[in-house]
Every structure is written in structure tokens, then in C-alpha cells.
Amino acid sequence: MKKAFITGIGGQDGSYLSEYLLELGYEVHGIIRRNSIPEHQSTRIDFNVKNLNVYYGDLLDISSLEKLLKKIQPDEIYNLAAQSHVRISFDIPQFTTQVNALGTMNILEAYRNACPEAKYYQASSSEMFGLSVDSDGFQRETTRFMPTSPYGCAKVFAFNITRNYRLAYNLHAVNGILFNHESPRRGSNFVTSKVVKEAVRIKKGLSKILELGNMDSFRDWGHSKDYVRAMHLIINHSVPDDFVVATGQTHSVREMTEYVFSKLNLDYKDFVVQNPIYLRPEELPYLRGDSSKLKSTFDWKPQYDFYALMNEMIDFWMGIL
Ligand code: NAP
Ligand code: G4F
């Protein structure tokens with residue numbers, strides 16, 4: 001039985017990845033942070049299932065990482081933990097950098113000392129590309145990084161230190177450069193979840209307006225379930241390497257909002273207002289990923305397109321509100 005160790009196991013991707021690996025027959029281990037309301041830790045995934053083991057740990061506490069990796073001796077390590085909200089990274093830049101950059105260094109050190117034979121996956125991000133777009137309108141593995149947020153800058157460090165550890169210490173350490181991916185489990189302060197949740201509340205008479213920031217940025221949105229399958233393929237490639245994971249389609253926040261409201265037979269223009277508190281000091285205006293390298297290396301293609309993704313999220317929020 002293969003063993004996986006996942007940081008961020010209670011997050012959107014960590015929860016789907018755990019379920020996917022358990023289905024494949026893995027023994028799954030993961031860390032959660034201490035929370036004053038323990039029930040909040042398992043809102044996305046039931047931790048009381050066979051072959052799933054959860055411990056307290058933190059990327060900022062190298063002793064907890066090293067102790068667990070020494071004991072578990074995993075075959076695969078997935079570092080998914082992060083302060084993952086880009087706008088909030090402007091409010092708490094130092095914390096974001098400590099967790100996302102130095103926290104990555106901590107787990108790489110623990111990995112190198114405790115179980116260097118394991119394979120390591122780093123959750124890198126399209127936010128690293130920032131203002132940089134190739135002349136054909138796509139971002140890919142060779143596109144230079146020009147990040148536009150403390151989050152993006154910290155993720156560039158994490159990407160580079162992962163590559164550095166791979167080459168310097170001959171470790172099987174890889175980066176997945178994932179474009180935006182969503183699901184019913186997406187935190188409700190990310191734009192897709194926020195729009196769907198609030199549109200459903202408006203439809204049900206529970207709310208009257210939706211306050212947003214910049215509606216003219218473009219994102220390449222996929223489904224988290226498709227992307228965790230890609231993580232597993234990338235970490236298990238015979239040669240450690242870095243891959244972009246994206247749908248290749250891009251939509252503006254305005255188009256996404258218009259689609260969600262229209263599915264509920266509403267006109268977004270009657271309900272959406274701009275609130276400057278949701279604008280960012282520097283915006284990333286456009287993302288569209290080219291995942292040709294991933295597709296030509298593995299038999300991967302997304303099962304969800306943008307509309308199927310948004311429809312699933314609408315059905316979810318209609319069901320629980
Ligand atoms: P998420 O839902 O915000 O999950 C992040 C997880 O990390 C949460 O469980 C969080 O725990 C945990 N965490 C935060 N700080 C930690 C720390 N210091 N020590 C241990 N755990 C900590 O994010 P996601 O959407 O699943 O994303 C997973 C990873 O992929 C992140 O690294 C993110 O930056 C990256 N990524 C995401 C996307 C995307 O579109 N979703 C795209 C590219 C890259 P708490 O619940 O306690 O906060
Ligand atoms: O949903 P978002 O907050 O996602 P963002 O900033 O693209 O970051 C996500 O994707 C990254 C990959 O590229 C990940 F690395 C990162 O961890 C995270 O998962 O915002 C998307 C767009 C932005 O242009 C933002 O300015 O939506 C715009 N937006 C407009 N109004 C809003 C809002 N975003 C949020 N969160 N809230 C708003 O009210």
C-alpha cells in the first residue's frame with residue numbers, strides 16, 4: 001500500500017486529492033492546523049474514514065513536519081498548504097510569505113532529512129506569471145514570471161526552491177503550475193464561489209446586492225477534481241519536471257457573473273455593484289494556460305468545462321441555502 005502525506009489536507013484540493021488517493025488504494029496522511037473550533041477543520045472531508053490519518057502540524061513548525069515524515073516514511077508528499085487568497089496577501093504580506101515561501105523551504109528541508117527517497121509535489125500557481133503573456137495569448141512552462149502580488153512573489157520563491165532542491169540534492173521534487181480551479185468546496189471569498197453563493201441568495205430572496213471588485217480580469221477556470229488527477233500524474237512521472245495545468249479557455253469575471261445570474265433567470269446588472277475594497281493594489285488582468293506539455297506526456301484531459309463547473313457550483317449552493 002502506497003503512502004501519501006498531504007499538507008493542506010482540509011483545503012479544497014487537499015480534500016479532493018485525499019479522496020482520489022484513497023480510491024486508488026493509498027494510505028493517506030495529512031496535517032491540519034489547530035483551530036479554536038475543531039469542527040471547522042473537517043467541513044470538506046470526513047476524517048473518520050479507513051486509511052486516512054490526520055495530525056496537527058504547521059508549515060511554520062519544522063519540528064512537526066520532520067517528526068511526522070520520519071515516522072510515516074511516505075512515498076509521495078504533496079505540499080498544498082498555503083495562505084491561498086491573493087487579495088488578502090496584500091493585507092498580510094509577511095505571514096503569506098512566511099507560510100508560502102519559507103514554509104515550502106521548511107517542508108523541503110524536512111523531506112530531505114527524513115525521507116529523501118520520496119517524491120515531492122509543490123502547489124505552484126499561474127499567479128506567478130502575473131503580467132507576462134506569450135505573444136499567442138497563452139502562458140506556459142517557458143513564460144517568464146512577473147508576479148503582481150505578495151502571494152505570487154512568495155509562490156515564485158517556492159517554485160524556484162523546489163527546482164533548486166531537485167537539482168542540488170537529486171530529489172524527485174516537481175512543480176504543478178495550476179491555473180485557477182474551483183468546485184463546490186471552493187472558499188466563498190474567491191470570486192466564483194462568491195458570485196454563485198450570492199446569486200443564489202438573491203434568487204431565494206435572502207439578499208439584494210452583490211458587491212464585487214474588478215469584473216474585467218480574465219481567468220482560466222477548471223475543476224479541482226480534474227486538477228488533483230493531474231497532480232498525481234505529475235508527481236509520478238519518471239523524470240521530475242514542471243507542468244502547467246489549465247483548460248486553455250479564458251472568461252472574464254463579468255462573463256462568469258452574467259452566466260451564473262442568467263442560469264437563475266436573473267440579470268446581473270440589476271444586482272451587482274462595485275465596492276473598491278475588493279480591488280487589488282495591483283491586478284493580474286489575464287490568464288490563459290497552455291497545457292500541451294501535460295497532455296502530450298500523460299493521458300490527461302479535463303472532464304469539466306467552464307459551464308459544467310459553474311452549473312455544479314450553482315446546483316450545490318441551490319441545494320444548501
Ligand atoms: P485552500 O482551500 O485555501 O487550502 C489551503 C489549505 O492550507 C487549508 O487547509 C489551510 O488550512 C492550509 N494551511 C494554510 N496555512 C497553513 C500552514 N501554515 N500550515 C499548514 N496548513 C496550512 O487552497 P486550495 O484551493 O486547496 O489550493 C491548494 C494549493 O494550491 C495552495 O497552495 C494554493 O496556493 C495552490 N493553488 C491553488 C489554485 C486554485 O485555483 N485553487 C491555483 C494554483 C495554486 P486552514 O483551513 O487552517 O486555513
Ligand atoms: O477568485 P480570485 O480571488 O482568484 P485569484 O486571485 O485569481 O487567485 C486564485 O487563483 C490563483 C491561480 O491563478 C491561485 F494561485 C490562488 O491561490 C487563488 O486560488 O479572483 C479572481 C479574479 C481577480 O481578478 C479578482 O480581482 O476575480 C476578481 N474579483 C472581482 N471581484 C474578485 C472580486 N475576487 C474576489 N476574491 N472577490 C471579489 O469580490
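Q: What makes the pairing of Ser84 with ligand 2 a polar contact?
A: In this predicted model, a backbone N or O atom of Ser84 lies 2.7 Å from an oxygen atom of ligand 2. The cut-off for a pair of N or O atoms is 3.5 Å, and the pair therefore qualifies as a polar contact.

Q: Why are Asn180 and Gly213 also said to be in polar contact with ligand 2?
A: An N or O atom in the side chain of Asn180 is 2.8 Å from an oxygen atom of the ligand. For Gly213, a polar backbone atom is 2.8 Å from a nitrogen atom of ligand 2. Each pair consists of N or O atoms within 3.5 Å, so both are polar contacts.

Q: Which residues come nearest to ligand 2?
A: Of the 23 residues around ligand 2, the nearest are Ser125, Ser126, Tyr151, Ser217 and Arg280.

Q: What makes Arg33, Lys155 and Arg186 polar contacts of ligand 1?
A: A polar side-chain atom of Arg33 is 2.7 Å from an oxygen atom of ligand 1. An N or O atom in the side chain of Lys155 lies 2.9 Å from an oxygen atom of that ligand, and for a polar side-chain atom of Arg186 the distance to an oxygen atom of ligand 1 is 3.2 Å. These three pairs fall within 3.5 Å and therefore meet the criterion. Arg33 and Lys155 are also among the residues that come nearest, of the 24 around ligand 1.

Q: Why is the pair Glu66 and Lys70 called a salt bridge?
A: The closest N and O atoms of Glu66 and Lys70 are 3.4 Å apart. The limit between a side-chain nitrogen of Lys and a carboxyl oxygen of Glu is 4 Å, so the pair is a salt bridge. Side chains of opposite charge can pair when their charged atoms come close. Glu66 and Lys70 are separated by about one helical turn, because they are four residues apart in helix H2 (residues 62-72). The structure holds 16 salt bridges.

Q: How many salt bridges and polar contacts link domain 1 and domain 2?
A: Zero salt bridges are found across the interface of domain 1 and domain 2, whereas five residue pairs are in polar contact there. On the side of domain 1 that touches domain 2, helix H3 (86-91), strand S10 (222-223) and helix H7 (224-235) each supply at least two residues. H3 gives the most, with four residues. By class, that side has six nonpolar, ten polar and five charged residues.

Q: How do you know that domain 1 and domain 2 touch?
A: Contact requires heavy atoms within 4.5 Å, and 21 residues of domain 1 meet this condition with 18 residues of domain 2. The area buried between the two domains is about 1,700 Å², of which carbon and sulfur atoms give 57%. In domain 1, the residues that lose the most area to domain 2 are His85, Arg87 and His223, together 29% of what that side buries.

Technical notes
Residues are numbered from 1 along each chain as its sequence is written. Chains are lettered from A and ligands numbered from 1 in the order in which they are written. This is a predicted model: local features need pLDDT of at least 70, side-chain atom pairs count only at pLDDT 80 or more; totals for chains, interfaces and linings use all residues. Side-chain values use heavy atoms; hydrogens and water are left out. Buried area is the accessible area (1.4 Å probe) that two parts lose on being put together, summed over both. A polar contact is a pair of N or O atoms within 3.5 Å; within protein, one must be able to donate a hydrogen and the other to accept it, and residues adjacent in sequence count only if both atoms are side-chain atoms. Ala, Val, Leu, Ile, Met, Phe, Trp, Tyr, Cys and Pro count as nonpolar, Asp, Glu, Lys and Arg as charged, and the others, Gly among them, as polar. A residue is near a molecule or strand if one of its heavy atoms lies within 4 Å of it.
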